[in-house]
Structure formats: structure tokens, C-alpha cells
Amino acid sequence: MMDEEFTDFKSGDPVHDIDLLDMTSHPKSPTQNPFPPKFSFSSSEGLPKLPALKKKSFLFPLDLELNTTNLLEIITTESKPTPWSLIENIEGLNTRCKSLVDKGRLSQALCCKKHAETLGEIQKIKETKRIATERGDYETAIQYRNIIAQLEKQLSTVEEIDDWLKDHKETTLQDLCDQIVQEQGEDMGKVFKSKFFFPDIKKSTDIELAQTIMAQAQQYTSVKHILNEQPGKFQTQSKLILDKINEELCKAMRILFKIKPLLPTMDKDEDLQVYLKALPEVFLVGERLRKVIQLVGIEKEFKEILAEIQLNWDEIRDLVWKVEGKIRYETGEFVCGICLFANKGLPMLCSSYFHVTCINFWINRVSVEPPHLVIGNNFN
Ligand SMILES: [Zn+2]
């Protein structure tokens, strides 16, 4: 029974469908109707026209306005990377890294790049391990396996990768440039752009360099802001601090020259050791100021005192140490009211922020009055 019922269907013409949208637009044509009515009527009998038939095709109704934004959203959502789609995808990681750099998220970009680089290394070692296994050199293969295990420990976790995928931005070079333009005009904006730009990001070291450039750019922007607001105070205060630092170093040099013959035997002398520990800190306060002065291009006014400090420090260093104190640029929302270096967490005193060593030096060697410069949070 069933078979009989289906016979016509199976043997018929290609499947056609009624396009309801076209019910009135196509005149009835006998050749278009594969299901002719069992009883034929002539048109003169006044029966309603049968709807036109046509092959089913994908048609948009004319009055349908496509919402391309939604469509785009759907497409992007579908192709949006997930932590799992990225975790072993070097190309995807490199793309993500670039986007993180563009959003000012440099430390995450660095982790992302390092993850991609480690993956690349692992892939290479896996290939070498495979060759070693193939030639039966199992001892070498085991060594490679251990190296791979070590490298895998350096990879970022799924949670970390998930964080890279979140959509937010941090301060970018462009934000800083906009701030400069807003405060000091277009020309200063051009100067900023010629001083601070990122290298082409190819390796993780390029991002490390970008981090230093970003920190310097932040430093530059905040010091320019301070100079703009309180130009006289910056000069007076910095000169005073540098003079005092120089005095301290001169005094240290006299003391150390006096006790020079005894120095090798005094390594258990606690007072001397404390003093020797504090001296580089004093020098570093001046060093940070020197960097700030150079960064904003006003070293001419401080040339002599800076040269004197350097000379005295070199002599002291030769007497006592062989290692020089190192200075690191840091990004952060707080600017020290003495050396003007930015930092993430500086203690507050008299409504300004200071490095502990800077304010210690100020109180003990410069003045019991608070420093002159008034410095709020960075980038406000
Ligand atoms: Zn400081």
C-alpha cells in the first residue's frame, strides 16, 4: 500500500515547491505546474488562478533589511578565540599579543609572546626527540622529554590566557600623547611622538623594550605636567637636593680616604656597613633626578652639579665597591615628590608620595619642612 502511494512521488519531476512570496507575481503557466489538477478547467470557468511554482531557491524578501551589525557580531562571536583554541596556537597567540600591545596591556602581551615562543621551542624539541626515537637513541629522547617537561611548566595557564581574552584597555602611548597635546599643544605632541614609539613587536624582548619606553613616556608626561604647573619649584627643589647629595658624597669621600688602610679589616664593623649600605641609596636619589632632568631635556641648568656628583661617586665606588647601583624605570600611578620617579605603591606623607630613601634623605639632610613640589596622583 505504502509503496503504491509513494510511486508517483518517486517517479515524478524534480522536487518543486510553492513560493508563497511569489503567489501573485507570476502568471500561471502550464509548464510550471508539475501537479496538474485531476480535473482540468478552462480559464473561462472563472476559477482562481493557481499559484505559480518555481524551484525552491534562497531569496531574501525585498523589504527585509539586513542588520549587518548583528550579523558581524554573530560571525565574530563564532570566530572569537577561547583559551583552549589559543593554548597551542602560535599564530593565534601572536595575533592576540599584537592586540594586547595595542590596548596598552604590555605585561600580558609579554606573557602571551613568551607562551608562543615556548610553544615554538617545544615543537622544535619534539621533532628532534621524534628523530632520536626513530633512530633508537632512547637516552637522548628521554633527555629531550625532560626538557619538554621543563618548558611546559613555563607555559601560561588557561586562566591566564582567559584573562588575555578579556576586553579592556590600559594607558597607551596615544593616551599620553593626547594628554601632552591637551596640556601643552600640538607641537609638544609631535615632540612626544618623535621621542616615544614602540619597536616592531617580533620577539618578547621587543615587548620588554616597549615596557621601558612606556615607563619613560609616563615619566616624561608626568614630569612635563609638573614642570608646566610648578616650573620654579622643580628647579629650586632639585638643585637643593642635588647640592645636598654632592655634599654627602664629598663627606663620604673624606671619611673613606681616611680609613682606607683599615677598610679590609672593617668588614665586621656594623656602623661602617650600615653607612656603606646607605651611600648608594643617596647616590640613587640623585641618579633618578638626573634621569628625569635628562628625559625632559633641561640638563643644561644642572650640568655642573650632575658632573660633580658623578665624579665623586666614581671615586667612592672605586674605593669600596665594584658594582654600580642600578636604576629601573617603573610604571605606576604615584610619582615620588623628590626624585619624580613613578612607582606603583609609594607611602604617603604630608599629602604627597615618596620613596622611603628619598624622604629619609630629605628629612635627614635637606630640611625638616616638607618638600616644595605638590604632586598628586599621576595622570590626573
Ligand atoms: Zn623618589
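In the predicted model, residues 53-58 have a pLDDT that stays under 50, yet ten contacts beyond four places in sequence are modelled for this stretch. Residues 74-78 also have a pLDDT below 50, but zero contacts beyond near neighbours in sequence. Across the protein chain the pLDDT averages 80, and 75% of the residues score at least 70.

The protein chain contains 14 helices and six strands. Of its 380 residues, 22% are buried. When contacts between residues at least 6 apart in sequence are considered, 64% of them join residues at least 24 apart.

Helix 8 spans residues 173-184 and comprises twelve residues. The distance from its first C-alpha to its last is 16 Å, close to the 16 Å expected at 1.5 Å a residue. Gly185, just after helix 8, adopts a positive phi of about 95 degrees.

The packing of two helices is described by the angle between their axes and the distance between the axes. For helix 11 (residues 231-258) and helix 13 (residues 303-320), the angle is about 30 degrees and the axes are 9 Å apart. Helix 11 is therefore roughly parallel to helix 13, as angles under 35 degrees are counted as such. The crossing of helix 11 and helix 13 is left-handed. On the helix 11 side, the residues that meet helix 13 include Leu242, Ile245, Asn246, Leu249, Cys250, Met253 and Leu256. Their counterparts in helix 13 include Ile305, Leu306, Ile309, Asn312, Trp313, Ile316, Leu319 and Val320. Charged residues also take part, among them Asp243 in helix 11 and Glu308 and Glu315 in helix 13.

Definitions and conventions. Residues numbered from 1 in each chain as written. Predicted model: local features only at pLDDT ≥ 70, side-chain atom pairs only at ≥ 80, totals over all residues. Helix = DSSP H or I, 4+ residues; strand = E, 2+ residues; numbered from the N terminus. Buried ≥ 20, exposed ≤ 12 C-beta atoms within 10 Å, placed from the backbone. Contact = placed C-beta atoms within 7 Å. pLDDT = per-residue confidence, 0-100. Expected span 1.5 Å × (residues − 1). Axes fitted to C-alpha atoms, helices over the stretch in contact; angles between N-to-C directions. Parallel < 35°, antiparallel > 145°, perpendicular 65-115°, else oblique. Left-handed = near helix turned anticlockwise from the far one by under 90°.
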